[in-house]
Structure formats: C-alpha cells, structure tokens
Amino acid sequence: MSNFKDVLMVSKPVAPPWQDSNKNLTKNIISFVNNVRFHILTPKGYQFNKDNVVSEDIYQSTGDYAPAIQQNLQALFYLITVNKEIDLFHFFFTPNPKTSLVLKHLTKFKNRPCIQTITSTPKIYKDLKNLFFADKIVTLSDFNKKNLEDKGLNNIVRIYPGINLQELDNYDTNDSTFKEENNLQNNILILFAGDYEFSGANKTILESIPPIVSKYPQARFIFACRNKTEKAINIESELHQYAIDLGIEKYVMFIGTATDMLKVIRSIDICLFPVKSLYAKMDIPLVLLECMAYSKPLIITDMKPLNEIMIGDIGFKVPVNNKDELIKSTLDLLNSEDLRIIKGNNARKTVENHFNMEKLAVEYEKLYQEILNE
C-alpha cells in the first residue's frame with residue numbers, strides 16, 4: 001500500500017456503539033472507498049478491520065453524543081502534533097466559528113488540502129468565509145448545496161449519505177424479534193425515531209393517535225428517541241404523562257435509546273418522521289434510509305432538505321404541523337397491506353439506486369483523486 005495517499009478522517013470516535021450519524025457516515029465511507037489509505041480517530045484499543053484503514057487511538061473512550069471538551073482537545077492535539085505523512089484532511093462536523101477558525105489556521109500551517117463534510121444544516125448562514133475554509137465542501141443535500149452557492153461559495157459537491165446494504169442484509173436474525181420480545185406479534189408497529197428536543201413532532205404524533213387507534217386498535221406507536229441529555233429524559237417523562245392524559249398510554253411505547261435499532265426497524269410496519277425541524281440531525285437521517293432498506297414505507301414532513309429522500313413512490317409527504325394529513329396518510333397505509341408492501345418495495349429500490357454506499361463510494365474516490373492530483 002506504499003503508493004496510497006493518506007487521508008485523515010477527523011470525526012467523533014469511530015467505534016461502536018454505532019448510534020451517531022456522523023461517525024456512522026464516516027464508517028460507511030471508509031468501508032467502501034479503496035483508493036486511499038484512511039487514518040481514523042478511535043478510542044484506545046479499537047481497530048477497524050480493513051486493510052486500507054489505520055486506527056489512531058487518540059480518544060480515551062467512545063464518548064457521548066456531543067463530544068466533550070476533553071475529546072475535542074485530544075483531537076486538536078493530535079492534529080497539531082501528528083508526524084505521519086497526511087496528504088489530505090477530511091473533516092466531519094456542523095461548522096461553528098471557533099472550530100472553523102482553529103482548523104483554518106491549522107490546515108494552512110500543515111500546508112495540506114482539506115474537505116469539509118457538512119453533516120447537518122447550519123443554524124445560520126452568515127460569516128461563511130469563517131465557517132467554510134476547505135478546498136472542497138461536501139453537502140448531503142441539494143438544498144444545502146444551493147444555499148451555500150447562493151451565498152457565493154463555489155467549491156461545493158453534493159454527495160447523498162449512504163448506508164451499508166451488505167451489512168444490513170447480513171444482520172443476524174437468529175434471535176427473537178422485537179415483536180416477540182414485547183408480545184406484539186398481533187400488532188402493527190409505527191415507529192418514530194426522531195429527537196425529543198428539536199424535532200417538534202412529539203405532541204403532534206401523540207395527538208394523532210386517538211382517531212387512528214379508534215379504527216385500528218392493534219396499532220402501536222414506538223418512540224425510539226435517544227435520551228441524549230437530561231432535558232430529553234424530562235421531555236420523555238412529560239410525553240408519557242401526556243399519553244396518559246389522552247387515554248392512549250397502552251398504544252404507545254417509549255423505548256429511549258434502543259440497544260439494537262435494526263431489530264426494532266425490522267419489526268415495524270410504518271416509519272413516521274413528521275418533524276418541524278432537522279436541527280442537529282443529518283440532512284437525510286440515516287435511520288430513515290435503514291427503514292427504507294428493510295422495505296418500510298415512510299411518512300415524512302414535506303420540507304427541505306428532508307423531502308429529497310422521496311425519490312419514487314415510497315410513502316407520503318405531509319405539510320409541516322398538519323395533524324389531519326398525518327392521520328389520513330397513516331390510515332391510508334393501515335387500510336392496505338398491499339399499499340404498504342408496494343411503497344416499501346419502492347423504498348428498498350430507492351436506497352439501492354440512490355443511497356447505497358457501495359455506489360456512492362465511487363463519488364468519494366473521484367473527489368479524493370481530484371483533490372490529491374491537484
């Protein structure tokens with residue numbers, strides 16, 4: 001591998017548990033791109049099993065959802081002191097002025113090209129020259145690509161997020177299913193895997209349940225939202241009480257952070273994602289792609305950039321905060337198993353054709369080669 005160029009992937013710790021979209025995207029890229037040698041930042045003792053991947057054990061642990069100051073300092077110290085021959089830096093984060101300023105000067109000092117992958121929509125679009133410093137900026141949606149181009153940036157490429165279909169298809173199914181473990185074999189499961197703090201969808205979903213279960217009492221709504229903070233834990237507790245107040249507590253399960261999210265996804269029948277905001281979420285959340293990979297139809301909010309996932313007839317789009325349309329779309333899917341199957345099969349084909357990391361790896365290989373050759 002002596003002829004390989006070296007790319008340092010600067011991200012959160014790349015190691016299990018795979019519950020964070022940023023590091024999952026990093027994992028998916030390095031799993032399929034073969035024309036460079038990757039260096040990834042990992043916890044001590046963890047090795048990523050691929051010939052062209054070098055694990056740099058700089059972190060003390062896998063950390064939390066939001067990197068602690070100590071983790072950020074560990075990564076920064078490594079970047080400053082790394083004495084290996086790194087040909088290209090590839091950063092994965094939502095930009096903020098302080099981090100961008102430090103990295104801008106660091107990459108100039110190292111005299112190496114760099115790429116920024118913008119994993120979620122920036123909160124504000126101002127002071128762009130301070131936020132975006134890389135030779136190439138990768139966005140995960142056409143929406144963000146256009147926004148940045150409209151602000152005068154021209155070094156942008158859009159590469160959709162991708163998932164590892166091989167890994168999902170080879171998922172071990174020998175043990176019991178989520179339905180069996182929770183005695184839900186005779187129920188239709190509807191999943192919401194959003195965010196308690198920012199999505200704005202929680203109460204809208206709960207308030208939609210009474211008219212739905214009045215027609216389909218076998219329906220069960222699964223809230224699989226990660227309790228990343230104390231605030232999120234409190235919100236879940238409030239929602240549980242709200243479900244009791246609405247008289248629907250037996251129709252709702254709050255499972256918090258799922259220990260095996262793929263097991264949950266494989267057991268559901270419909271995926272809901274009627275959010276008002278994608279703040280702190282990937283432009284196209286990977287959990288939705290995983291649901292599509294397992295042929296589950298979607299009901300999402302018709303908002304940018306989320307609606308870019310709707311390539312083909314894979315479900316329904318509903319207006320923001322429109323409870324009536326959410327109820328109608330859910331009932332349309334509950335009314336017809338054939339419709340769920342058709343839209344679910346279309347969802348699988350959409351992932352295979354547009355969000356398959358094996359295919360998207362070609363775009364990353366081309367990007368790396370283009371920058372390294374320059």
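I began with strand 11 (residues 270-273) and strand 12 (residues 298-301), and in this predicted model I found the two paired in the parallel sense over 3 bridges. For the register I looked up C271, whose bridge partner in strand 12 is L298. I then followed the chain from strand 11 through helix 11 to strand 12, and noted that this β-α-β crossover is right-handed.

On the other pairing of strand 11, I noted that strand 8 (residues 188-192) is joined to strand 11 by 3 bridges, with the two strands running parallel, and that I190 stands opposite I270.

Next I asked myself which way the residues of strand 11 point, and whether they are buried or exposed. I270 and L272 point one way while C271 and F273 point the other way, and I recorded all of them as buried. I keep a general remark beside this entry: in a regular strand the side chains alternate between the two faces of the sheet.

I then traced the sheet as a whole, and wrote down 6 strands in an open sheet, ordered 10-9-8-11-12-13, with parallel pairing. Which strands stand at the edges? They are strand 10 (252-254) and strand 13 (315-318), and because each has a single partner strand, one side of each is left without a neighbour in the sheet. When direction is ignored, neighbouring strands of this sheet are turned by 20° against each other on average.

For the helices on this sheet I made two entries. Helix 8 (residues 202-215) packs on the sheet and touches strand 8, strand 9 (219-223), strand 10 and strand 11, and its direction makes about 170° with that of strand 9. Helix 12 (residues 323-335) lies across strand 8, strand 11, strand 12 and strand 13, and runs at about 170° to strand 13.

I returned to helix 11 (residues 286-293) to look up its packing with helix 13 (residues 337-354), and found an angle of about 120° with the axes 7 Å apart. Since angles over 115 and up to 145 degrees fall outside the perpendicular and antiparallel ranges, that angle makes helix 11 oblique to helix 13. Helix 11 contributes L289, M292 and A293 to the contact, and helix 13 contributes G344, A347, R348, T350 and V351. By residue class I sorted this contact into 5 nonpolar, 2 polar and 1 charged.

My last entries concern strand 1 (residues 6-10), where 5 of its 5 residues are buried. Both faces of strand 1 are covered, with D6, L8 and V10 buried on one side and V7 and M9 buried on the other. Strand 1 is joined by 4 bridges to strand 2 (residues 37-43), running parallel, and also by 4 bridges to strand 4 (residues 88-92), again running parallel. I used L8 as a marker for both pairings, and found that L8 stands opposite H39 in strand 2 and opposite F89 in strand 4. Finally I noted that strand 1, helix 1 (residues 21-32) and strand 2 make a right-handed β-α-β unit.

Terms used. Residues numbered from 1 in each chain as written. Predicted model: local features only at pLDDT ≥ 70, side-chain atom pairs only at ≥ 80, totals over all residues. Heavy atoms only, no water. Buried < 20%, exposed > 50% of the residue type's maximum accessible area, 1.4 Å probe, protein only. Pairing = 2+ DSSP bridges. Right-handed = clockwise from strand over helix to strand, strands pointing away. Axes fitted to C-alpha atoms, helices over the stretch in contact; angles between N-to-C directions. Parallel < 35°, antiparallel > 145°, perpendicular 65-115°, else oblique. Contact = heavy atoms within 4.5 Å. Nonpolar A, V, L, I, M, F, W, Y, C, P; charged D, E, K, R; others polar.
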